[in-house]
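Biologist: Could you take me through one part of this protein at close range? Please set the scene with the whole chain, then settle on a single residue and its surroundings.

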Amino acid sequence: MDIYLVYVVCALLLLVGVKYAGIKKFNDDYLSLDASKAIQGFAAIAIIFHHISQRVSQDGSIQTPINFFVNIGAYCVAIFFFCSGYGLIKSKDKKEGYMKSFLWKRLVVLLLPFFVINGFYVLVAQIFMKANFSPFTIFSYVVGLKLVTGDGWYVITSLIMYIAFFLFFRFINKKFEWIAFVGMFLMVPLYVVLCLSKGHGDGSNLFQGEWFYNTVLLMPIGMVWARLENKLVPLIKKVYWILLPVFGALTFFTYKWSMEVLSNPGYWSEYMHPGDPRYGDKLLCYGAQSLAFICFILFLVLLLMKVRINNKVLAFLGGLTLEIYLSQRFFISNILPMYNNKDGIFIGIFAIVCSSVVLAYLFHVLCGLVINPIKKLGSKKPAVDKTKK
């Protein structure tokens with residue numbers, strides 16, 4: 001079946017241009033901006049495959065050749081949050097004045113594409129699907145009070161964590177920075193409790209569903225890694241060839257265990273016990289997934305210390321991850337039904353990926369025309385790279 005070509009695409013994206021550091025050498029810039037963007041670019045495409053596989057296999061209930069992707073979506077998002085947390089600390093350390101204008105600039109970069117793409121979905125629904133939204137409903141969808149697609153949860157969660165980061169690291173003295181780190185970690189259980197209290201919904205309401213919180217722990221972990229990196233990496237290099245297989249095995253076994261826990265009892269067990277929210281089941285699933293995500297990210301970091309993912313396609317995609325993530329649902333919903341369960345489905349998948357990337361690029365260009373001028377409104381003095389003084 002041509003659907004197996006999905007794996008060929010993934011292999012090409014990862015292997016074309018790949019560079020091995022050497023037996024006794026390491027990539028010291030393994031999480032540089034270029035390196036992290038490349039791996040995030042791959043993760044963005046993998047998430048498209050993840051959402052397609054959910055549709056094709058009916059959330060894994062039907063065996064298909066791409067069922068592997070059914071359960072990897074959260075691992076890809078874990079990459080986003082880890083890299084985000086890592087990048088926040090590195091930028092804070094590197095750029096003078098970074099925190100003073102951080103919140104305004106970050107919100108503009110995050111929210112403007114979100115608003116524009118939400119508006120696109122609403123416009124299409126109004127014109128082509130004859131939706132009859134009230135003015136308040138249109139406003140709610142555009143600004144994210146209700147989610148026009150379930151994928152908008154990522155923006156909402158990121159927004160909350162960015163605000164927390166700003167408050168903790170902007171107003172806590174450098175001497176007591178550990179308090180800011182503790183504060184970020186405390187934000188995670190508070191956020192988990194908020195989402196748990198909301199239960200599950202249809203995907204349009206905020207904070208309903210485990211996807212809102214099951215990967216967010218990786219952001220403060222990425223921050224801690226950035227802070228302790230200079231101490232940890234020299235130690236890791238000494239025992240690298242022990243750690244690599246150990247974390248490879250841990251990734252495999254924690255993944256298998258988390259899959260078992262997600263199957264029974266699962267996050268959705270309240271539907272089997274009407275009137276009982278089954279918070280214990282959800283916390284068990286959250287704990288199993290968190291352990292699996294941490295092992296996976298650490299294994300990925302170890303791999304990146306030796307192997308550089310290095311091609312222009314991923315570099316390009318890495319600059320469009322937010323737009324791709326928010327745009328792809330439109331094409332999955334409209335193109336996949338024409339090919340689902342038919343020969344030639346890879347053509348449909350290829351069309352979805354290409355269309356998502358093209359639309360994401362158009363949104364990126366459109367938003368880019370106004371993002372920089374708007375960012376300047378929030379800061380009289382731009383952040384200066386300390387290393388270039």
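Modeller: Of the 389 residues in the protein, 50% are buried, meaning under 20% relative accessible area with a 1.4 Å probe, protein chains only. Do keep in mind that this is a predicted model, where local features need pLDDT of at least 70, side-chain atom pairs count only at pLDDT 80 or more, and totals for chains, interfaces and linings use all residues. Residues are numbered from 1 along each chain as its sequence is written, and side-chain values use heavy atoms, with hydrogens and water left out.

The protein has 13 helices and 4 strands, which are DSSP runs numbered from the N terminus (helices: H or I, at least four residues; strands: E, at least two). Its C-alpha atoms fill a box of roughly 55 × 50 × 50 Å along the principal axes.

Now for the close look, at His200. This residue sits in the loop between helix H7 (177-198) and helix H8 (218-238). His200 counts as buried because its relative accessibility is 11%. Its side chain makes two kinds of link worth following. One is a polar contact with the side chain of Glu270, at 2.7 Å; another reaches the side chain of Trp268, at 3.5 Å. A polar contact here is a pair of N or O atoms within 3.5 Å; within protein, one must be able to donate a hydrogen and the other to accept it, and residues adjacent in sequence count only if both atoms are side-chain atoms. Leaving aside residues up to four places away in sequence, His200 also touches others, including Gln208, Trp211, Tyr267, Tyr271 and Lys282, where contact means heavy atoms within 4.5 Å.
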